[in-house]
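Here are my notes for you to read alongside the structure. Keep the 3D view open and find each spot as we go.

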Amino acid sequence: MLSMDTARTIVGIIGNVTALVLFSSPLPTIVKIWKKKSVEQYSAAPYLATFLNCGIWVLYATPSVHPNSFFLMTINGAGMAIDTVFLLVFLFFSDKNKRFKVGLIVLAEVVFMAALAIMVHTLAHTWKLRSTIVGSIVLVCCIVMYASPLAIMKLVITTKSVEYMPFSISLCFFMNGTKWYGSCIRIGPISVVRNILQIQQNCRREAGGYGSGLHPEWLIQQ
């Protein structure tokens with residue numbers, strides 16, 4: 001019989017795999033942008049929000065802030081690296097105005113993460129206090145990330161098409177949130193709240209996907 005620690009480790013590994021699928025889910029969109037040499041009407045909001053979210057989670061998972069958070073550190077580090085590539089492609093194929101705005105936001109996010117890391121290690125003298133401070137901030141970042149695809153919702157409703165809000169991203173968000181909810185015991189209450197919010201946001205997005213034929217009745221039947 002597996003011990004509790006072994007079972008939690010296995011669940012953590014599986015959770016990391018599902019999260020990696022989540023972070024990779026925009027790849028088809030990035031490939032389209034690359035082939036068309038234009039970002040068209042795609043929004044950078046999901047990439048910007050994910051970049052900040054992963055960065056804050058990496059800070060949260062450092063030993064000096066929240067010890068024994070290896071899985072959080074590895075998967076969010078990988079997510080940040082993947083999203084950096086996506087942002088570079090998005091910036092490269094954006095027009096001048098959009099490139100400036102997105103680049104400015106990225107710079108602001110990097111400055112914010114650096115400032116937070118310095119302040120929390122300077123002003124908070126115990127890892128429990130650091131964990132509480134960074135954990136509270138990361139919850140806000142999670143809400144922003146999970147809601148970020150809604151930035152394109154006006155276009156979806158107007159055109160009655162989800163072309164610029166791919167269903168694969170919403171589906172991966174939903175599956176990842178459900179999976180991590182099952183493993184939240186090993187990484188504390190911060191993850192419980194994070195994944196409840198994630199599941200709720202994705203149910204709302206899928207229910208609003210007019211162009212894909214998804215309606216509240218479909219979600220209830222599932």
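**A salt bridge and its surroundings**

1. Let's start with Lys36, which is partly exposed, with a relative accessible area of 47%. Before you go further, keep in mind that this is a predicted model.

2. Who does Lys36 pair with? The side chains of Lys36 and Glu40 meet in a salt bridge, with 3.6 Å from N to O. That fits the cut-off, since a salt bridge needs a side-chain nitrogen of Lys or Arg within 4 Å of a carboxyl oxygen of Asp or Glu. Side chains of opposite charge can pair when their charged atoms come close. Glu40 counts as partly exposed too, at 32% relative accessibility. How many salt bridges does the structure hold? Just one.

3. Now look at helix H2, which covers residues 27-36. Thr29, Ile30 and Ile33 are buried there. Seen down the axis of H2, the buried residues fall within an arc of 100°, so they line one face of the helix. What do they pack against? Helix H3 (45-61) and helix H4 (70-92) are the partners of the buried residues of H2.

4. Step just past the end of H2 and check the backbone at Lys37. This residue takes a positive phi of about 60°.

5. Next, the cysteines. How many disulfides turn up in a search of the whole structure? Zero. Take Cys54: the closest cysteine sulfur belongs to Cys142 and sits 9.1 Å from the sulfur of Cys54, which is too far for a bond. For scale, a disulfide calls for a pair of cysteine sulfur atoms within 2.5 Å. Cys141 is in no disulfide either, as its nearest cysteine sulfur, again that of Cys142, is 7.1 Å away.

6. Are Cys54 and Cys141 buried or exposed? Cys54 counts as buried, at 0% relative accessibility. Cys141 is buried as well, with a relative accessible area of 7%. The cut-off to remember is that buried means under 20% relative accessible area.

7. Last stop: the surface. Phe100, Leu104, Leu107 and Val111 make a nonpolar patch of about 420 Å². Try picking out Leu107, which is found in helix H5 (residues 96-123). Leu107 is exposed, with a relative accessible area of 51%. That value passes the mark because exposed means over 50%.

Conventions: Residues are numbered from 1 along each chain as its sequence is written. This is a predicted model: local features need pLDDT of at least 70, side-chain atom pairs count only at pLDDT 80 or more; totals for chains, interfaces and linings use all residues. Side-chain values use heavy atoms; hydrogens and water are left out. Patches are made of residues with over 30% relative accessible area and no salt bridge: like charges are joined within 9 Å, nonpolar side chains (Val, Leu, Ile, Met, Phe, Trp, Tyr) within 5 Å. Accessible areas come from the Shrake-Rupley method with a 1.4 Å probe; for residues, only the protein chains shown count as cover. Helices (H or I, at least four residues) and strands (E, at least two) are DSSP runs, numbered from the N terminus. Buried means under 20% relative accessible area, exposed over 50%, partly exposed in between (1.4 Å probe, protein chains only). The arc is that of the directions from the helix axis to the C-beta atoms. Contact means heavy atoms within 4.5 Å.
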